[in-house]
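Q: I have a structure open beside its sequence and would like to learn how to read it. Could you take me through it one feature at a time?

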Amino acid sequence: MSGYLIGVDAGNTVVKAALFDLLGNTLAVASRDSVSFQPAPGCVERRPDDLWQAAAGAIHDCLAKAGIDAAQVRAVGAAGHGNGLYLMDREGRGLLGIQSMDSRAVLLAAQLAHRHGDEIHRRAQSRPWAAMTPVLLSWIAAERPDILAQTGSVLLCKDVIVHGLTGRVGSDVSDLSGCGLLAMPALEYDDGLLDLYGIRALRALLPEPAQSHDVVGHVTADAAALSGLKAGTPVVAGLFDVLASTLGAGTTKAGEASIVAGSWSINQVFATALPENPRAILASVLGRDVWVSCEASPTSAANLEWFVKNHLAEEAKATGEAPFALCNRLAAQSDPQGELPCFHPYLYAGPVPGARGGFNNIGSWHTRADMVRALYEGVAFGHRAHFEILDPDRTITQATLSGGGAKSPLWAQIFADTLQMRLRLSDCEETGARGAAMAAALGAGIFPDYDTAAAEMAAFTTELVPDPEAGAILDRRYARWCAYGDALGPVWAQQ
């Protein structure tokens with residue numbers, strides 16, 4: 001077989017486009033910034049039309065880098081951050097884009113959780129939270145009726161890109177289930193569920209669901225002129241980005257698990273059925289019969305990015321050392337058997353309202369190296385806390401690890417030791433884009449199913465084995481980390 005696939009991965013700040021061959025090798029990658037702005041405290045927005053322009057530009061740059069004939073691209077897939085809210089007007093123009101870091105609806109989310117949280121969780125396998133799509137839509141209806149009056153359709157992040165490519169107004173079941181809009185496991189809109197959010201009257205605005213790998217349109221002439229793609233190229237519905245990253249790392253089967261240590265801590269377990277008593281913050285689906293329970297929060301590698309920006313960037317610039325290489329060098333200097341500080345990775349959000357990040361247990365003898373290692377451990381502890389919700393009996397012994405945390409051998413080993421799991425590291429840095437490309441491969445008829453696509457396109461570079469002795473030390477530190485969190489709870493609540 002010959003030809004290529006394009007995968008687009010739209011995060012909260014950057015949109016990437018990557019070109020893959022049919023063996024999953026990355027041939028070219030390009031990115032464009034997608035500018036966010038904060039019009040009021042707690043509000044994080046971007047213009048939907050700007051998001052589409054960034055995606056089209058990234059695709060154009062990617063094709064130019066690769067130097068291939070666009071006619072050789074067999075299909076295109078997109079992935080984007082889940083939840084948030086993207087509104088289009090009746091003419092299909094972008095109206096408002098609210099991103100998944102937004103917290104304007106935190107009070108409404110708490111009220112919905114108090115009144116209907118258990119029933120929403122039972123019906124949709126999702127818990128209400130501030131940037132959850134139906135919560136934001138309910139907030140818009142109550143607080144910004146002027147915007148609602150102009151709205152013609154509701155989309156999610158990657159749907160804006162699919163709309164730009166094809167003109168299609170719709171979404172896919174992985175994204176719609178991941179934001180709590182679909183009844184589970186029926187994967188369909190349900191008036192009773194929409195009533196719980198207070199948005200039943202807005203059902204006509206909600207996007208038509210499709211399977212992630214369904215071809216939902218073809219690149220239009222206008223989109224071709226902007227992106228460099230050939231008009232008529234098939235475009236699939238696309239994926240929720242946390243699922244795309246997991247798929248791109250090679251996880252597809254029931255019984256498998258995935259960890260993404262990126263800006264968000266994303267932890268997923270795959271099963272043949274949804275749990276009778278849902279525990280996770282949200283659930284999604286791969287295809288029609290692989291169910292995914294997910295715990296996620298913005299408590300992972302974004303904490304290291306903050307530390308580097310504020311405490312190490314100038315030193316790295318002066319010495320010429322790569323900032324994250326400096327972090328790894330410092331962390332390696334810390335004694336892993338010594339008494340280390342305790343870091344809670346809650347710079348952006350935490351497990352309870354008001355939670356904040358911070359270091360505890362700092363002594364005068366602690367060094368920068370100890371602080372960096374404590375940060376590495378604190379982030380890994382946050383992932384472990386999520387797995388205690390997903391897998392309280394600790395039956396999972398193996399997972400894939402991707403994202404920024406996987407790029408550091410030291411940090412990846414800390415993850416393995418903390419979780420006491422064998423961790424497979426993906427051969428690909430752009431797992432989100434590759435997952436989107438794999439869905440496109442199914443749509444183009446290149447592979448019959450996701451298992452085959454993963455076997456052909458995804459591989460592992462390394463498998464890390466947990467060290468029981470290191471795990472015992474980290475168990476003790478994790479218990480202290482939890483104790484500090486419990487003790488700080490009342491203080492956080494006051495905020």
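Q: Let's start with charged pairs. How many salt bridges does the count come to?

A: The general idea is that side chains of opposite charge can pair when their charged atoms come close. The model here is a predicted one, and the count in it comes to 28 salt bridges.

Q: Which side chain does R104 meet in a salt bridge?

A: R104 meets E45, with 2.8 Å from N to O. Then look at where the two partners sit: R104 is in the loop between β6 (94-98) and α2 (106-124), while E45 is in the loop between β3 (26-33) and α1 (48-66). They are 59 residues apart, so this pair links distant parts of the chain.

Q: Is R104 buried or exposed? And what about E45?

A: The cut-off to keep in mind is that buried means under 20% relative accessible area. R104 has 15% relative accessibility, so R104 counts as buried. E45 is also buried, because its relative accessible area is 10%.

Q: Which residue forms a salt bridge with D190?

A: That would be R123, and the closest N and O atoms of the pair are 2.9 Å apart. D190 lies in the loop between α6 (173-178) and α7 (191-197), whereas R123 belongs to helix α2, so the bridge ties together parts 67 residues apart in sequence. For exposure, D190 counts as partly exposed at 25% relative accessibility, and R123 counts as partly exposed at 25% as well. The pair also belongs to a network of salt bridges that links E119, R122, R123 and D190.

Q: What parts of the chain does the pair of R368 and E315 tie together?

A: First the pair itself: R368 forms a salt bridge with E315, and their closest N and O atoms are 2.5 Å apart. R368 lies in helix α12 (residues 368-390) and E315 in helix α10 (residues 302-319), so two helices are tied together by residues 53 apart in sequence. R368 is partly exposed, with a relative accessible area of 40%, and E315 is partly exposed at 28%.

Q: Now helices. What does α2 span between its end C-alpha atoms?

A: A handy check is to compare the span with that of a straight helix. For 19 residues at 1.5 Å a residue, a straight helix would span 27 Å, but α2 spans only 19 Å. Now look along α2 for a bend: there is a kink of about 80 degrees, centred on H116. Just after the helix comes Q125, whose phi is positive, near 55 degrees.

Q: Which residues of α2 are buried, and what covers them?

A: The buried residues are L108, A109, L112, G117, I120, H121 and A124. Their cover includes α3 (133-143) and α7.

Q: Can we try the span check on α16? Why does its span agree with the expected one?

A: Helix α16 (residues 468-493) has 26 residues, which at 1.5 Å a residue should span 38 Å; the end C-alpha atoms are 36 Å apart, so the two agree. There is still a bend to find in α16: a kink of about 35 degrees lies at A487, shortly before the proline P490. The buried residues of α16 include Y478, W481 and W492, and β15, α12 and α13 (409-419) are among what covers the buried residues of this helix.

Q: You mentioned β15. Is C342, in that strand, buried or exposed?

A: C342 lies in strand β15 (residues 342-344) and is buried, because its relative accessible area is 3%. To see its surroundings, set aside the neighbours within four places in sequence: the contacts that remain are G358, F359, N360, N361, R480, W481 and Y484.

Q: Last, the whole chain. How many helices and strands does it have?

A: The secondary structure comes to 16 helices and 19 strands. To judge the overall packing, use the radius of gyration: a compact globule of 495 residues would have one near 23 Å, and the chain has 22 Å, so the values agree. Of the 495 residues, 57% count as buried. Contacts add to the picture: among those with a separation of 6 or more, 71% are between residues 24 or more positions apart.

Definitions and conventions: Residues are numbered from 1 along each chain as its sequence is written. This is a predicted model: local features need pLDDT of at least 70, side-chain atom pairs count only at pLDDT 80 or more; totals for chains, interfaces and linings use all residues. Side-chain values use heavy atoms; hydrogens and water are left out. A salt bridge is a side-chain nitrogen of Lys or Arg within 4 Å of a carboxyl oxygen of Asp or Glu. Helices (H or I, at least four residues) and strands (E, at least two) are DSSP runs, numbered from the N terminus. Buried means under 20% relative accessible area, exposed over 50%, partly exposed in between (1.4 Å probe, protein chains only). The expected span of a helix is 1.5 Å times one less than its number of residues. The bend at a residue is the angle between axes fitted to the seven residues ending there and the seven starting there. Contact means heavy atoms within 4.5 Å. The radius of gyration is taken over C-alpha atoms; the globule rule is 2.2 Å times the number of residues to the power 0.38.
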